[in-house]
Amino acid sequence: MDLILEILSIPLVQSILKIAFIILLFAMPLGTVLTLMERKWSAMIQDRVGPNRANVGNYTGNGLLHLAADGLKSIFKEDTIPQGANGFLYLIAPFFGLIAGVATFAIIPIAGPIGDFTFQVTDIEPGLLFIFAITSLSVYGAVLAGTSSNSKFALLGGTRASAQMISYEVFMGLALMGIFMVYGSTRVSDIVNGQNEYWFGNLIPMWGVFTQPLGFFLFFTALIAETKRAPFDAPEGESEIVAGYFLEYSGMRWSAFMLAEYVAVAGVAVLMTTLFFGGYHVPWLHLWESAPQWLVTLLQIGKFSIVTIFFCWLQIQLRWTLPKFRFDQTMSLGWKKLLPLSLANTALTAVVVLAFM
Amino acid sequence: MELKVKQVKRVDGVKEAFYIPAAFGGLRLTVKHFFRNLFGSRDVVTINYPEEKRPVSMRWRGRHRLTRKDDGFLKCVACYMCETVCPAKCIHIEAGEHPDLSIEKYPVRFDIDELRCVFCGLCVEACPKEAIRMDTGVVAMAYSSRKTFDFTRDLLRDNYDPNQHESPKYGDEDLPRPESQESALPNSQGIPAS
Ligand code: SF4
Ligand code: SF4
């Protein structure tokens, strides 16, 4: 027993356990379930039934078994490499997006610390700058897949993806400048704790969405564009370039792209929760001073999960509502509207922070 | 002739220019549908096909049937009207002489290749005896071999009469059959045997 506790108290062991926990029990399951939920929810939006046929015996679980069926199917499908493709780049491209998606979760705290133990893999000083670095990495997934598969559609998709993601990264950073200024740090735990303050006594929590409403909107838009989902899905462009950059992929590698997309959706949701909706902090919980620690932690995990799921749902809802932008519309929206807006937001925030805080 | 050009007015204005209000309008609609289907009544338009079937109109042209008289025999008098009119040349009839003199002729073979049939319904219109109909309501025929689509007389014979449990006798059991059993089949090359 003592030995186990001693091993558990080694920081490296703790980190590995946390990574395993976050990847195996949070990021991947959320991404996987989202692949099914997108189909089920879109069916509800369009008054359809959605997938409900996969069964074991007579049990279908209302479509839940499609997860297993899809997994099995893509494992056993042939992994084709098109003629003239750059073999090595073609084979590694799917995993850039996946790794980048999962890495987002590394700096997200899902509950408040208990003593020395934090519910966060690492609380690095650069914090959100790490996120920017990682999301830039995920561009490589699309670009490599597009260029290495020796297909013109894939190349077009890859080009569009790189142009779109790089442009939207510019003001994704700018949109967050306001948050950095208001909470005075790029470290995630500082931002989350900053959102636990209240305005007007105990009336309104200082959540990012209240301190930075425009920043919230801009950042959300930029993140959706980063995940390359509707209305910014010109890189995939089903109607003109078939499936864009991952057109030639099949089997498990194709699934890796899909999974990367959904992990990215989950990543967007946790980022929005952490930066704009108070992270794990349950509002007004500090008023109940005698709350036992375990209950507080449970409530925090619950609140974090609910807001996260809400944002996953919101993204799916948006995708099934808004029609796709043309590529030039995507670009002009980004550079001509959102960039000036985020610059203005940054300037305004700077003035307000200087004057009042 | 002068072409008339109708110009659709673009809806301009604050709402359109900002995109966001219109996007929220769309969201309102989809969210309404989502929650109605999640909690309330599911007004799903899907028909779960193999379990539920869409009701077809009385006039739907489905698989053929050969109707019967009250005594159970086929109404068909082997007049070759349907075979002649059939644009797909997929009906093949061989007439036989009936021992009952009042009946005169009857089909010894009546084959329809349902794979070649175009379901035009001309055979039904041509028949002077209302002997062939396409009102079985069999919408989808799916079998694993082509042979199965060669419907013979006894398969086509109407057995949808709930009162008629026994298949009727044709009285031709001991009559000599025409020799050309094989040539009686519809030509599989698609060239009508003239
Ligand atoms: S429906 Fe038309 S094609 Fe089919 S058997 Fe009758 S006449 Fe021939
Ligand atoms: S089905 Fe009608 S048209 Fe065809 S041979 Fe018989 S009686 Fe004549």
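These are questions and answers about a predicted model, with most attention to chain A.

Colleague: How many helices and strands are there in chain A?

Modeller: In this predicted model, both kinds of element occur in chain A. The count is 13 helices and 2 strands.

Colleague: What radius of gyration does chain A have, against that of a compact globule?

Modeller: Chain A has 357 residues, and a compact globule with that number would have a radius of gyration near 21 Å. The value for chain A agrees with this. Chain A has 21 Å.

Colleague: What percentage of the residues of chain A count as buried?

Modeller: A residue is buried if its relative accessible area is under 20%. Of the 357 residues in chain A, the part that meets this cut-off is 53%.

Colleague: Which helix of chain A gives the most residues to the largest nonpolar core?

Modeller: The largest nonpolar core has 76 residues, and Met272(A) and Phe276(A) are among those that touch the most other members. The helix that gives the most to this core spans residues 251-276 of chain A and supplies 13 residues. That is helix 11.

Colleague: Which residues does Phe311(A) touch, leaving out those up to four places away in sequence?

Modeller: Phe311(A) is also one of the core residues that touch the most other members. Contact here means heavy atoms within 4.5 Å. With residues up to four places away in sequence left out, Phe311(A) touches Phe216(A), Phe220(A), Ala269(A), Met272(A), Thr273(A) and Phe277(A).

Colleague: How far apart are the mean positions of the positive and negative charges of chain A?

Modeller: Chain A has 19 positive and 22 negative charges. Their mean positions are separated by 11 Å.

Conventions:
Residues are numbered from 1 along each chain as its sequence is written. Chains are lettered from A and ligands numbered from 1 in the order in which they are written. This is a predicted model: local features need pLDDT of at least 70, side-chain atom pairs count only at pLDDT 80 or more; totals for chains, interfaces and linings use all residues. Side-chain values use heavy atoms; hydrogens and water are left out. Helices (H or I, at least four residues) and strands (E, at least two) are DSSP runs, numbered from the N terminus. The radius of gyration is taken over C-alpha atoms; the globule rule is 2.2 Å times the number of residues to the power 0.38. Buried means under 20% relative accessible area, exposed over 50%, partly exposed in between (1.4 Å probe, protein chains only). Lys and Arg count as positive and Asp and Glu as negative; His and the chain ends are not counted. The place of a charge is taken as NZ of Lys, CZ of Arg, CG of Asp or CD of Glu. A nonpolar core is a set of buried Ala, Val, Leu, Ile, Met, Phe, Trp, Tyr and Cys residues joined through side-chain atoms within 4.5 Å.
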